[in-house]
Amino acid sequence: MPFCFDNTYAGLPDTFLERIAPTPVSRPEMIRLNDRLATELGIDVARLGSLEGLSILSGNQCPDGSDPLAMAYSGHQFGGFSPQLGDGRAILLGEVIGNDGVRRDIQLKGSGPTPFSRRGDGRSALGPVLREYIVSEAMAALGVPTTRALAAVSSGDRVVREGMVPGGVFTRVAQSHIRVGTFQWFAVRQDEDNLRVLADYVIARHYPNAQQEKNPYRALLDEVIQRQAELIAHWMQLGFIHGVMNTDNMTVSGETIDYGPCAFLDVYDPTKRFSSIDHQGRYAFGNQGRIGHWNLIRFAETLLPLLDADKKNSIAEAEAALDAYPDLHRSALQTRFTAKIGLEGADADDWDMVEILLKAMAEGQADFTLVYRHLSDALESGNDDAVTRLFNQPEQIVAWLTNWRTRLHDVDRGHPLALMRRTNPVFIPRNHRVEEAIKAGNDGDFEPFHRLNEVLQNPFTEQTKFSEYEAAPAPDEVVLATFCGT
Ligand code: AMP
Ligand code: MG
């Protein structure tokens, strides 16, 4: 069998899940199989690439050792609480232990209805399958903690979205699919026993060191806060906008999850949002740090019964943990953004320099990714033209460049350049390139999809044959909105 399943979630009490097998599709075809990831996971790649593998990855055959189930969870969506969400179009096949010793979920997305589907069809359109494959693998290559893509399959069936569109099945790999919303499921039901079972499970699976702490649940809260503060700063370093930071889309493992309406900044604009349903800009680029805190407050609320037997003490524990978040996030952001301009161990003046540059980029409508790349080129060549050209008016950046060079004089020269080159990607999944790959894929041409995946495997390395993928979109290529396609 291709997978050596070792399932633990399936052994949790009934209230955690609904047992359900995938529903077959008509004519599955493999679009892309992530051989490298499969090997890291100890999966038999040859068998996964065979007809048997296709049959499993499309949901047409349930592999040996699988105990398929849909996970229960709740969640705050755009600030409003839904007690009853859960995997409505995803099915956990089972868990495998990779060569690194880490346990990971193998989940099919778009594999048919579950008891949590409500009015949904349990299916995925092909477009979102391709988007999640491209962006989650790009994020992994960029070094961001994230769920991964094991396979993308076309189903041969059509699904009803804005008209009839081709369907697909996506295989997602995650350290786990436990979300803030999973804790909310038990909290809203005032099911303290199972809340404790869940917390103990998460500690054992993700934060085993917390077991040694005086208060393991407080340690769990601290760890999750720390990871999210860092994760969101990491997104922002790359100009990533998650787009749908609902509490059911925030993992407790600290991996990025849900690539529905995500996008990357072209022109720098802290108020930028792409998602067609984010009318208020709740999840805009520059709001992400604050929303992370808001979600973590929801998480802490669920833990109150566990933090201390005395309610007042639990609240004090939760508040102390949450109060650390703003500084953790700010300091992660400062480290990452000062590294983008070649400065390490930054002081307050360095942060001012970061902010002045960002302000100039917003005013000058400069491309976020290109500014930082061209800054490293300018540092190497001494020629600023490529940088100044990115701004509406050169005056917006000229004085800053002078100050920056002066500041760098105090620093050893080779080092800032190396730091910038490994902090600022050459290639990101540009929105217009993702759209191009999806559009062609919907017409049955997967070449652009494969090429984009290939480029993005080495995002920090110049690849001359792919230089057109560095470019910002031409005015008529700019993507204005993204759709989750659910
Ligand atoms: P998401 O937008 O992916 O975060 O999903 C939010 C909720 O809607 C989750 O409970 C999903 O399982 C559910 N959902 C989204 N799309 C579908 C669909 N096509 N069929 C059934 N449930 C869905
Ligand atoms: Mg989701």
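This report covers the domains, a metal site, one helix contact and the salt bridges of the structure above.

**Model and domains**

The model is predicted. The domain assignment divides the chain into domain 1 (9–174) and domain 2 (180–334). Their centres, taken over C-alpha atoms, lie 23 Å apart. The contact between them takes 35 residues from domain 1 and 37 residues from domain 2.

**Magnesium site**

Ligand 2 is a magnesium ion. Which residues coordinate the magnesium ion? N249 does so through OD1, and D258 through OD. The distances run from 2.2 to 2.3 Å. N249 and D258 are both buried.

**Helix α7 and R336**

Helix α7 spans residues 216–237 and has 22 residues. From its first C-alpha to its last, helix α7 reaches 32 Å, close to the 32 Å expected at 1.5 Å a residue. G239 follows α7 and has a positive phi, near 75°.

R336 sits in helix α10 (residues 325–340). Its side chain makes a polar contact with the side chain of E230, at 2.4 Å. Neighbours within four places in sequence aside, R336 is in contact with E230, A233, H234, Q237 and T423. Is R336 buried or exposed? R336 counts as buried because its relative accessible area is 17%, under the 20% cut-off.

**Salt bridges**

Side chains of opposite charge can pair when their charged atoms come close. How many salt bridges does the model hold? The count comes to 27 salt bridges. Three pairs are set out below.

| Pair | Closest N to O distance |
|---|---|
| E137 and R148 | 2.8 Å |
| R430 and D367 | 2.8 Å |
| E454 and K465 | 3.9 Å |

Take the side chains of E137 and R148, which meet in a salt bridge at 2.8 Å, N to O. This pair links distant parts of the chain, with E137 in helix α4 (residues 126–141) and R148 in strand β9 (residues 148–161). The two residues are 11 residues apart. E137 counts as buried because its relative accessibility is 13%. R148 has a relative accessible area of 21%, so R148 is partly exposed. The cut-off for buried is under 20%.

Next come R430 and D367, whose side chains form a salt bridge at 2.8 Å, N to O. Where do R430 and D367 lie? R430 is in the loop between α15 (414–423) and α16 (431–442). D367 is in the loop between α11 (348–364) and α12 (368–381). The pair therefore ties together parts that are 63 residues apart in sequence. R430 and D367 are both buried.

E454 pairs with K465, and their closest N and O atoms are 3.9 Å apart. The salt-bridge cut-off is 4 Å. This pair, too, links distant parts of the chain: E454 is in helix α17 (residues 447–455), and K465 is in the segment after α17. The two are 11 residues apart. E454 is partly exposed because its relative accessible area is 39%. K465 has a relative accessibility of 62%, so K465 counts as exposed. Exposed means over 50%.

Salt bridges also link residues in a network. Which residues belong to this network of salt bridges? D6, E95 and R103 are linked in it.

Note on methods. Residues are numbered from 1 along each chain as its sequence is written. Chains are lettered from A and ligands numbered from 1 in the order in which they are written. This is a predicted model: local features need pLDDT of at least 70, side-chain atom pairs count only at pLDDT 80 or more; totals for chains, interfaces and linings use all residues. Side-chain values use heavy atoms; hydrogens and water are left out. Donors are N, O and S atoms within 2.8 Å of the metal (3.2 Å for Na, K and Ca); water is not among the atoms, so sites may look incomplete. Buried means under 20% relative accessible area, exposed over 50%, partly exposed in between (1.4 Å probe, protein chains only). Helices (H or I, at least four residues) and strands (E, at least two) are DSSP runs, numbered from the N terminus. A polar contact is a pair of N or O atoms within 3.5 Å; within protein, one must be able to donate a hydrogen and the other to accept it, and residues adjacent in sequence count only if both atoms are side-chain atoms. Contact means heavy atoms within 4.5 Å. The expected span of a helix is 1.5 Å times one less than its number of residues. Domain bounds come from an automatic or database domain assignment.
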